[in-house]
Amino acid sequence: MSAAEGPLVVGVDTSTQSTKALVVDVATGRVVASGQAPHTVTSGAGRESDPRQWWDALTEALRQCGQAAHEAAAVSIGGQQHGLVALDTHGEPVRPALLWNDVRSAPQAHRLTEELGGAKFWAERTGSVPAASFTVTKWAWLAEHEPESVRAAKAVRLPHDYLTERLTGQGTTDRGDASGTGWWASGTEAYDEEILAHVGLDPALLPRVVRPGEVAGTVRASHDLPFSKGTLVACGTGDNAAAALGLGIRPGTPVMSLGTSGTVYAVSRRRPADPTGIVAGFADARGDWLPLACTLNCTLAVDRVATLLGLDREAVEPGTGVTLLPFLDGERTPNLPNASGLLHGLRHDTTGGQLLQAAYDGAVHSLLGALDRVVDEDADPSAPLLLIGGGARGAAWQQTVRRLSGRPVQVPEARELVALGAAAQAAGLLTGEDPAAVARRWDTAAGPVLEAVERDEGTLARIAGVLSDAAPLLERGTDTA
Ligand SMILES: Nc1ncnc2c1ncn2[C@@H]1O[C@H](COP(=O)(O)OP(=O)(O)O)[C@@H](O)[C@H]1O
Ligand SMILES: O=C(CO)[C@@H](O)[C@H](O)COP(=O)(O)O
């Protein structure tokens, strides 16, 4: 491999299932080294991970990057949004982190919405109506179920803040990730003291919100990572905002990400405030906005169905009327935290491959239902949908999105867009460039475009019908949920 043309930066994606690190040449965007290490997430009623595992995974991912990581001039960390990390006076977790896909705080989400002026108040104040994913609902859940953990908490962080702080020794976050907490006011771009007081969280426990382009700190001496003391650390951001940076998207370009979560989003100049709660009004990592809808059941749910059927994930067959709503983890879009998976239309001649295709259709239907809401009204409806995340590699995912969206679908060749976005943020610190412009210079969105095909309206209508008819069952959940 030839020597780098420019300085090197490290971009990190600490996502739900693993931590990935890329060493990137600032001049060309070439990935000169990469590493990845897994995390564990609890199963059962909750979804929790020990934040110290994220640090160990980061250490391992950087070790795999070899010498290149030692040469990095700047680093930035993107990560799964919303997770509640509560730290004691020594910076140690008081308990495992409560993750974005833990739905135990659904009653608190409902109660907080009602107690503080309803959905319209929340949408206008914070950009979003809180669902169980939002940090504020997790804090309320903890206060109710584990008051001793709340009393022990001397700092409250998001996943990417936790790692950044271990690098720099400074408690920092950014507007992108702060906007997913439920205690950051999107109108004033500051912590919302009324909401914090309502949930009994002292603002002094929260990290400083670093401005886009500002240095979060420098790497401190005492740690086991390959960076030299004084290496610049960018503020990082939530994984979806990082991927938006990594693609260098402008308003009007929709993105669908197929990973542990499914997301659809676009950049907008207008501050979102959707009182239906379907669209979360996140901030992006630059100064614009990132209206986004997120599902809890995406690649893991479909892979689980494939495993249950004993099929390879690509072994789909065209469906003939069977519907599978793959809400194995409850669901956020639509907001059905107590739901479980639901199958309708099973016949003697239904094949396993058709059942698997129905799972893909169900997962994609949930995301497409929100697509028009996240893209500005004046956007070109024929613009290609950028398809990213681990699932975007799969032919069955690509063909399902193509058939159900009726849009052209572009699949960027670059694989780790969250880590690339973090790398672009780190590069921006060095060169003074806008990180999105860095990503465009690196041509990160380049990849084949699959032509549009006629939208499969019949399947969309059938799934919508089952969803509507089964609403009482899906809302109620099961005894074991
Ligand atoms: N070739 C592939 N085809 C379909 N799905 C894939 C493929 N490779 C990985 N995946 C799916 O991608 C998921 C991981 O995606 P990723 O975006 O890395 O997740 P996350 O960032 O949420 O941890 C896995 O759950 C796996 O099911
Ligand atoms: O909750 C959201 C967005 O609101 C999720 O998108 C998380 O940010 C987790 O992302 P992945 O681990 O699936 O990348």
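In which sense do β1 and strand β2 (residues 18–25) pair, and over how many bridges? Select both strands and take a look: the pairing is antiparallel, with 7 bridges between them. Keep in mind as you click around that this is a predicted model.

**Stop 1: strand β1 and its partners**

Stay on the two strands for a moment. The link from β1 to β2 is a hairpin of 3 residues. To check the register, pick valine 12, which sits opposite alanine 21 in β2.

Now add strand β5 (residues 72–79) to the selection. This one runs parallel to β1, and 7 bridges join the two. Here the pair to highlight is valine 10, with valine 75 of β5 standing opposite.

Next, show the side chains of β1. Leu8, Val10, Val12 and Thr14 point one way, while Val9, Gly11 and Asp13 point the other way, and all of them are buried. Strand β1 (residues 8–14) is largely enclosed by the rest of the structure, because 7 of its 7 residues are buried.

**Stop 2: valine 9 and the core**

Center on valine 9. Setting aside residues up to four places away in sequence, valine 9 touches a list of residues that includes Val24, Val26, Ala74, Val75, Ala423 and Leu430. Zoom out, and valine 9 turns out to be part of the largest nonpolar core, which has 146 residues. Val9, Val10, Val23, Val255 and Ala423 are the ones that touch the most other members. Color helix α12 (residues 352–374) next: the largest share of this core, 11 residues, comes from there. As a general rule, nonpolar side chains in soluble globular proteins tend to be buried together.

**Stop 3: aspartate 239**

Jump to helix α10 (residues 239–247), where you'll find aspartate 239. An unreviewed UniProt entry puts the feature "active site" at Asp239. Is aspartate 239 buried or exposed? Count the other C-beta atoms within 10 Å and you get 33; the cut-off for buried is 20 or more, so aspartate 239 is buried. Leaving out neighbours within four places in sequence, its contacts are Asp13, Ser15, Gly78, Gly79, Gln80, Gln81 and Val418. You've met Asp13 already, as one of the residues of β1.

**Stop 4: around ligand 2**

Finish with ligand 2. Which residues come nearest to it? Of the 17 around ligand 2, they are Thr16, Gln81, Trp100, Thr260 and Ser261. Gln81 is also among the contacts of aspartate 239. Color the shell by residue type and you'll see 13 polar, 3 nonpolar and 1 charged.

How values were computed:
Residues are numbered from 1 along each chain as its sequence is written. Chains are lettered from A and ligands numbered from 1 in the order in which they are written. This is a predicted model: local features need pLDDT of at least 70, side-chain atom pairs count only at pLDDT 80 or more; totals for chains, interfaces and linings use all residues. A residue is near a molecule or strand if its C-beta atom, placed from the backbone, lies within 6 Å of it. Ala, Val, Leu, Ile, Met, Phe, Trp, Tyr, Cys and Pro count as nonpolar, Asp, Glu, Lys and Arg as charged, and the others, Gly among them, as polar. UniProt positions are given in the numbering used here, feature names are shortened, and annotations may be inferred rather than shown by experiment. Helices (H or I, at least four residues) and strands (E, at least two) are DSSP runs, numbered from the N terminus. A residue is buried if 20 or more other C-beta atoms lie within 10 Å of its own, exposed if 12 or fewer, and partly exposed in between; C-beta atoms are placed from the backbone. Two residues are in contact if their C-beta atoms, placed from the backbone, lie within 7 Å. Two strands pair if DSSP finds at least two bridges between them. A nonpolar core is a set of buried Ala, Val, Leu, Ile, Met, Phe, Trp, Tyr and Cys residues joined through C-beta atoms within 7 Å.
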